[in-house]
Amino acid sequence: MSRKCQVSGVGPIAGNSISHAHNKTKRRFLPNLQKKKIFVQELNRFVSLKLSASEIKTISKIGTAHIAKLIKDGQIKVR
């Protein structure tokens, strides 16, 4: 599986690591991904997803209706 949030699509980005002498080397910034099992009331079942930490906060704030819509549309594949 790729290092990508299944709901928001957040993935790794590239940047520079800068030393004290200001030498720049390429590096990757990886998202804070967590495997989470969430109960979706609209589907009346548990769904296991790989989510970023910010998306977990968003889901707890606004609910799971958006996830149910993405699953029904086929944009998120669940096991």
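## A loop residue to start with

N23 is in contact with S17 and I18, leaving aside residues up to four places away in sequence. N23 itself sits in the loop between β1 and β2. Is N23 buried, exposed or partly exposed? At 49% relative accessibility, N23 counts as partly exposed. The cut-off for exposed is over 50%, so N23 stays in the middle class with its 49%.

This is a predicted model. Keep that in mind for every value below.

## The chain as a whole

Start with the plan of the fold. The chain has two helices and four strands. Along the sequence, the order is β-β-β-β-α-α. The strands are followed by the helices in that pattern.

Now the overall dimensions. The C-alpha trace spans about 55 × 25 × 15 Å along its principal axes. The chain has a radius of gyration of 16 Å. For a compact globule of 79 residues, the value would be near 12 Å.

What share of the residues is buried? Buried residues make up 24% of the 79 in the chain. The chain exposes about 6,000 Å². Carbon and sulfur atoms supply 50% of that area.

Contacts tell another part of the story. Take the contacts with a separation of 6 or more. Residues 24 or more positions apart account for 40% of them.

## The nonpolar core

In soluble globular proteins, nonpolar side chains tend to be buried together. Here, the largest nonpolar core has 13 residues. Which residues have the most contacts inside it? They are V7, L49, L51, I67 and I76.

Three elements give two or more residues to this core: β3 (33-40), β4 (45-52) and α2 (65-73). Helix α2 gives the most, with four residues.

L49 shows how the core residues meet. Leave aside residues up to four places away in sequence. L49 then touches V7, I67 and I76, among others. Its partners also include Q6, Q34, K35, K36 and V78.

## Strand β3 and its neighbour K37

Not every residue of a core-forming strand is hidden. K37 lies in strand β3. At 61% relative accessibility, K37 counts as exposed. Which residues does K37 touch, not counting those up to four places away in sequence? The answer is F46, V47 and S48.

K37 can also be placed against L51, a core residue. The two are 14 residues apart along the chain. Their C-alpha atoms are separated by 9.9 Å.

## Helix α1: two residues side by side

S54 and E55 both belong to helix α1, but their surroundings are described by separate values. S54 lies in helix α1 and is partly exposed, with a relative accessible area of 47%. P31 is 23 residues away from S54 along the chain. The C-alpha atoms of S54 and P31 are separated by 9.7 Å.

E55 lies in the helix too, which covers residues 53-62. E55 is buried yet has no salt bridge. How far away is K57, the nearest side chain of opposite charge? It is 11 Å away. A salt bridge needs a distance within 4 Å, so K57 at 11 Å does not form one with E55. Apart from neighbours within four places in sequence, E55 is in contact with C5, V7 and S8. V7 is one of the residues with the most contacts inside the core.

## Two loops with positive phi

Most residues other than glycine have a negative phi. Two loop residues in this chain go the other way. Phi of H22 is near 70°, a positive value in a residue other than glycine. H22 lies in the loop between β1 (13-18) and β2 (24-29). H22 is exposed, with a relative accessible area of 53%.

The other case is N44. Its phi is near 55°, again positive in a residue other than glycine. Where is N44 found? N44 is in the loop between β3 and β4. N44 is exposed, with a relative accessible area of 60%.

## After the last helix

G74 is found in the segment after α2. At 41% relative accessibility, G74 counts as partly exposed. G74 can be compared with N44. They are 30 residues apart in sequence. In space, the distance is 17 Å, C-alpha to C-alpha.

Definitions and conventions:
Residues numbered from 1 in each chain as written. Predicted model: local features only at pLDDT ≥ 70, side-chain atom pairs only at ≥ 80, totals over all residues. Heavy atoms only, no water. Rg over C-alpha atoms; globule rule 2.2 N^0.38 Å. Buried < 20%, exposed > 50% of the residue type's maximum accessible area, 1.4 Å probe, protein only. Contact = heavy atoms within 4.5 Å. Areas by Shrake-Rupley, 256 points an atom, 1.4 Å probe, with all protein chains shown as cover. Lys, Arg positive; Asp, Glu negative; His and termini not counted. Core = buried A, V, L, I, M, F, W, Y, C linked by side-chain atoms within 4.5 Å.
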